[in-house]
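Colleague: Can you put the model up? I have a few things to ask about the chains and how they meet.

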Amino acid sequence: MRIESVNENTCMVYFGDQIGAESAGLVKRATDRLRRDMSDLIVDLVPSYTSILVTWDLEQADRFAIVRRVRAAIDSEDDGSTGGDSARIVELPVYYDREVGLDLEDVCEHAGLSRDEVVRIHSEQLYQVYAIGFAPGFAYLGSTDERIAIPRKSTPRLKVPTGSVGIAGTQTAIYPSCTPGGWQIIGRTPQKMVDWDSDSLALVQVGDQVRFRAISRDEFLELGGNLDEL
Amino acid sequence: MSFEVLEPGMLALVQDAGRHGYQHMGVTTGGPMDEFAFFWANRLLGNDLDAPQIEITFGRFSLKANHEACIAITGGDLGARINDQAIAPWRTHHINKGDRLDFTTPVSGLRAYLAVSGGFKPAMKLGSCATVAREGLGGLDGKGAKLAKGDTLEFEKNASFVEAFLPEPEVPDYQQHLRLGVIPGYQYRSFSIVQREKFFSCDYEISQNIDRMGYRLKGDAIHSDLDGIISEGIAYGAIQVPKDGQPIVLMKDRQTIGGYPKIGCLSALDAGLLAQRGPGSSVSFFLSDVAEAEGRRMLFNQRLKTGAPGVR
């Protein structure tokens, strides 16, 4: 672990230089402990693939005190109050079809696989939530099977419909709201990913794991899915 | 008690100190581009320091007072007038029922802050009213809209007039050449000595591409030894260097994470000074350190507590 100053009330905590389960585990564990032990000082935490950005209240502590507290919190034993170190698994229903999977055919062609094979490969695996950013609730999940990896679209769409499930490289993600974007869209979830009026706010957090479940058109509609382009 | 927006101008936004505690969900902070001016406006009125205000960019903003009130104006001098009489920034003013307040065009600086005694009372979304249009959060109704003609700015009754002002020597001069201290950090070590020298000796021009997300600068291109980095959290004031080598200073509505190398970071107070400069102004950088930024901020926070002439 490396702690480096960024500005007068922000520092970065680095846990390694490689994207993967090991760094992700360390980030999740540290994020839980910082939340548990430093809620009096911390203004914002931004966990990502291998690091956590920590912003604190300068009125309460200077940078030396913060480094001491961060080290103490992260080195502390698990007392069970953070729910342990095991990840929460979130299951997301996805309707995989050309009707909403705007690039499903391109992905199949690129992979040289049938639609059913692409869907099976995408949905049979457990994904790690590595980071959240780009837009509120936009979760970067990794890593997909190399067989269905595909570069971003050369020209991004101006509007990607809410709930779209996309692939870029070996990452996959769900668009929580309608935004511009260049990921290759293979399906759509009826599940609301962010809801600022609910208590949970965002469905997935960094450190969670996600599994996709293929559903039919009927089930998609039953669950409140929207077939519109926007 | 309320004001009515007659003309919204180019960009007038409801802002408080920012939406904190949600960046892990990808929600940016928003908040005042110039913290120095924002906090002083509330302090002059004896408000809570994070009480909601209006951030007016470029001017051409007009309102009518439906009730009398005590207001404070700080930040850029956008040629404010009450009933067509020029009024000075960095002080409080009394405004009567029926009065008209206009911000005309920038005399100095780019963004003015309008605070009212007791603070405006917009909807709160995720604990804040900071307007971030791209996220659809904040503003009067909580959905991220900028102010529009006919909007009603409500505030609580607070009739007593306080005459307070920031002493002249403490008022920032937004027209003097801007030279900002950079706190080395992030990928600083991945910029070679030659690249750093270039960065610290160049006069950068502020481009046309400036908004609340970031300030794009134009000047000597600098390059790090890295193609990209593993995406990581971006602090307010971080200086990002994309492939074209032209630095971008990331401001209040910045994305929460990003994958471009960063040469360092400005202090919040320095980023606020940059936010008062428009396209065509120049800015240069020198190597500073986090101790200096921390010390200056602590002094500022202390200074705010002391108050100013007339402040209770």
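**Domains, chain contacts and one lysine**

Modeller: This is a predicted model. To start with chain B, the centres of its domain 1 and domain 2, taken over C-alpha atoms, are separated by 27 Å.

Colleague: Where do those two domains of chain B run in the sequence?

Modeller: The domain assignment puts domain 1 of chain B at 2-170 and domain 2 at 178-302.

Colleague: And how many residues are in contact between them?

Modeller: On the domain 1 side of chain B there are 16 residues, in contact with 14 residues of domain 2 of chain B.

Colleague: Which elements supply at least two residues of the domain 1 side in chain B?

Modeller: Two elements of chain B each do that, α1 (35-45) and β10 (108-116). β10(B) gives the most to that side, with three residues.

Colleague: How do the residues on that side of domain 1 of chain B divide into nonpolar, polar and charged?

Modeller: Nine are polar, four nonpolar and three charged.

Colleague: Stepping back, how many helices and strands does chain B have?

Modeller: Chain B has 20 strands and four helices. Its radius of gyration is 20 Å, close to the 20 Å from the globule rule for 312 residues, so chain B is as compact as a globular protein of that length. Along the principal axes, the C-alpha atoms of chain B fill a box of roughly 60 × 40 × 30 Å.

Colleague: What percentage of chain B is buried?

Modeller: Buried residues are 52% of the 312 in chain B. Among contacts in chain B with a separation of 6 or more, 76% are between residues 24 or more positions apart.

Colleague: Now the two chains. How many residues of chain A are in contact with chain B?

Modeller: 34 residues of chain A, in contact with 31 residues of chain B. Elements giving two or more residues to the chain A side include β1 (2-7), β2 (10-14) and β6 (126-132) of chain A. The largest share comes from β3(A), with five residues.

Colleague: What classes of residue does the chain A side have?

Modeller: There are 20 nonpolar residues on the side of chain A that touches chain B, plus eight polar and six charged.

Colleague: Different topic: A:K159. Which strand is A:K159 in?

Modeller: A:K159 is in strand β8 of chain A, residues 157-160.

Colleague: Why is A:K159 called partly exposed?

Modeller: Because A:K159 has 14 other C-beta atoms within 10 Å, and the partly exposed class lies between 12 or fewer for exposed and 20 or more for buried.

Colleague: How far apart are A:K159 and A:I66?

Modeller: They are 93 residues apart in sequence, and their C-alpha atoms are 42 Å apart in space.

Definitions and conventions: Residues are numbered from 1 along each chain as its sequence is written. Chains are lettered from A and ligands numbered from 1 in the order in which they are written. This is a predicted model: local features need pLDDT of at least 70, side-chain atom pairs count only at pLDDT 80 or more; totals for chains, interfaces and linings use all residues. Domain bounds come from an automatic or database domain assignment. Two residues are in contact if their C-beta atoms, placed from the backbone, lie within 7 Å. Ala, Val, Leu, Ile, Met, Phe, Trp, Tyr, Cys and Pro count as nonpolar, Asp, Glu, Lys and Arg as charged, and the others, Gly among them, as polar. The radius of gyration is taken over C-alpha atoms; the globule rule is 2.2 Å times the number of residues to the power 0.38.
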